[in-house]
Amino acid sequence: MENEIKRLLAAVVHPETGEDIVTSGFIEHIAATPDKATVVLRFAKTRDPFATKIKNQAEALLKERFPQAEILVTIKEGGRPPRPEPKETTTTGGIAHVIAVASGKGGVGKSTVTANLAVALRNMGFRVGILDADIYGPSQPKMFGVEDYLPDAVQEEGQDRIVPAESMDIALMSIGFFIKPTDALLWRGAMAVNALKQMIHQTRWGTLDFLLADLPPGTGDIHLSIIGELKIDSAVIVSTPQQVAVADVLRGVEMFRNPNVNIPVAGVIENMAWFTPEELPDNRYYLFGKGGARKFAEENGVDFLGEIPIVRSIMEGSDEGHPAAAIDPRVEASYRGIAERIVEKVMKSS
Ligand code: ADP
């Protein structure tokens with residue numbers, strides 16, 4: 001649907017330049033489900049005299065084509081936030097910063113956090129990629145609606161390169177593109193490690209400001225081999241309030257701090273920190289206790305990066321192929337704060 005929207009919007013021409021709004025880069029963001037399409041148009045000028053006219057044209061075209069869907073076209077003015085030029089610091093070419101996302105256990109929302117952080121970073125104007133290395137449950141393809149993607153191999157300067165999927169302006173390479181769920185057991189050993197190696201060294205990422213690596217849960221050999229292959233600049237640990245007290249989270253922190261590994265831990269993110277029912281938006285229910293991750297961070301000398309509540313749109317977004325941060329402003333705001341903290345820390349330490 002996103003491609004179709006782009007195609008439709010290519011018919012809208014800016015009267016001043018005579019060029020269509022897609023090729024001239026006015027489309028900052030498109031997110032679409034069968035019920036709702038959101039388009040953000042970015043005008044370089046503040047108060048572009050044609051902004052409203054273009055917005056109305058875009059809306060009319062989309063409403064005509066998708067009469068069942070709610071259409072939301074918004075205008076942003078002024079240039080995009082500046083993008084720092086990526087430095088070539090990793091084996092993977094033009095990637096400026098690699099951030100690993102880890103957790104003590106499965107099911108705490110590590111993959112969901114990775115996907116939404118990627119969207120928040122993208123919204124800040126960065127070029128972002130995701131390396132889904134969670135061999136036990138690669139869920140990024142589903143979260144970005146590209147489960148059926150089959151990676152192509154191309155030759156570039158005499159080398160084989162694998163082409164990542166692209167969704168919402170985010171480049172995605174996942175171990176899930178190479179294994180079927182039923183294969184999982186077989187893949188857990190050396191084969192998975194070999195496949196990960198290839199993904200790390202051969203993916204054609206282009207230039208990226210941030211590559212987020214969604215690691216398998218826990219700590220183990222597979223982590224050590226990823227750490228050995230990929231130059232990780234910083235790690236974030238995701239935990240739920242009830243998991244934080246368990247030794248696994250500390251083990252995760254210690255893995256990165258091990259002198260042989262020596263990767264700075266940017267901090268801990270508390271996921272599912274509280275629950276707010278939709279009909280009582282001001283109420284917060286701390287189902288699993290309050291402030292656990294903050295306390296853990298203080299006690300173990302790591303920073304606390306922020307908390308994400310239990311929100312229905314987060315769960316639905318993952319199921320429907322668009323991370324909630326792309327369409328729910330409240331969710332975006334939670335992730336934006338965390339993303340800003342991570343960017344600040346990573347930039348400072350590089
Ligand atoms: P992990 O990668 O740690 O195994 P997932 O990211 O797959 O965990 O999340 C597990 C489940 O919890 C998924 O169904 C996901 O949609 C849901 N989930 C994660 N975070 C939240 C949240 N903040 N609010 C609601 N549901 C969430």
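Student: What makes the pair formed by a backbone N or O atom of lysine 110 and an oxygen atom of the ligand a polar contact?

Tutor: In this predicted model, the two atoms lie 2.8 Å apart. A polar contact is a pair of N or O atoms within 3.5 Å, so the lysine 110 pair counts as one.

Student: Which backbone atom lies 3.1 Å from an oxygen atom of the ligand?

Tutor: A backbone N or O atom of valine 108 does. With the cut-off at 3.5 Å, this pair is therefore also a polar contact.

Student: What does a nitrogen atom of the ligand have at 2.8 Å?

Tutor: A polar backbone atom of proline 309. The protein covers 79% of the 560 Å² of accessible area that the ligand has on its own.

Student: How many residues surround the ligand, and which are the closest?

Tutor: The shell has 16 residues, the closest being Gly107, Lys110, Ser111, Thr112 and Pro309. By class, 8 are nonpolar, 7 polar and 1 charged.

Student: Which helices and strands each supply at least two residues of that shell?

Tutor: Helices H3 (110-123) and H10 (312-320) do, as do strands E12 (265-275) and E13 (304-310). The space that the ligand takes is the largest pocket.

Student: How many helices and strands does the protein have, and why is it called as compact as a globular protein of its length?

Tutor: There are 11 helices and 13 strands. The radius of gyration is 21 Å, and the globule rule gives 20 Å for 350 residues; the two values are close, so the protein is as compact as a globular protein of that length.

Key: Residues are numbered from 1 along each chain as its sequence is written. This is a predicted model: local features need pLDDT of at least 70, side-chain atom pairs count only at pLDDT 80 or more; totals for chains, interfaces and linings use all residues. Side-chain values use heavy atoms; hydrogens and water are left out. A residue is near a molecule or strand if one of its heavy atoms lies within 4 Å of it. A polar contact is a pair of N or O atoms within 3.5 Å; within protein, one must be able to donate a hydrogen and the other to accept it, and residues adjacent in sequence count only if both atoms are side-chain atoms. Accessible areas come from the Shrake-Rupley method with a 1.4 Å probe; for residues, only the protein chains shown count as cover. On a 1 Å grid over the protein atoms alone, a cavity is a set of points where a 1.4 Å probe fits but cannot get out, and a pocket is an open set with protein on both sides within 12 Å along at least five of seven lines; lining residues have an atom within 4 Å of a point. A molecule sits in a cavity or pocket if more than half of its atoms lie within 2 Å of its grid points. Helices (H or I, at least four residues) and strands (E, at least two) are DSSP runs, numbered from the N terminus. Ala, Val, Leu, Ile, Met, Phe, Trp, Tyr, Cys and Pro count as nonpolar, Asp, Glu, Lys and Arg as charged, and the others, Gly among them, as polar. The radius of gyration is taken over C-alpha atoms; the globule rule is 2.2 Å times the number of residues to the power 0.38.
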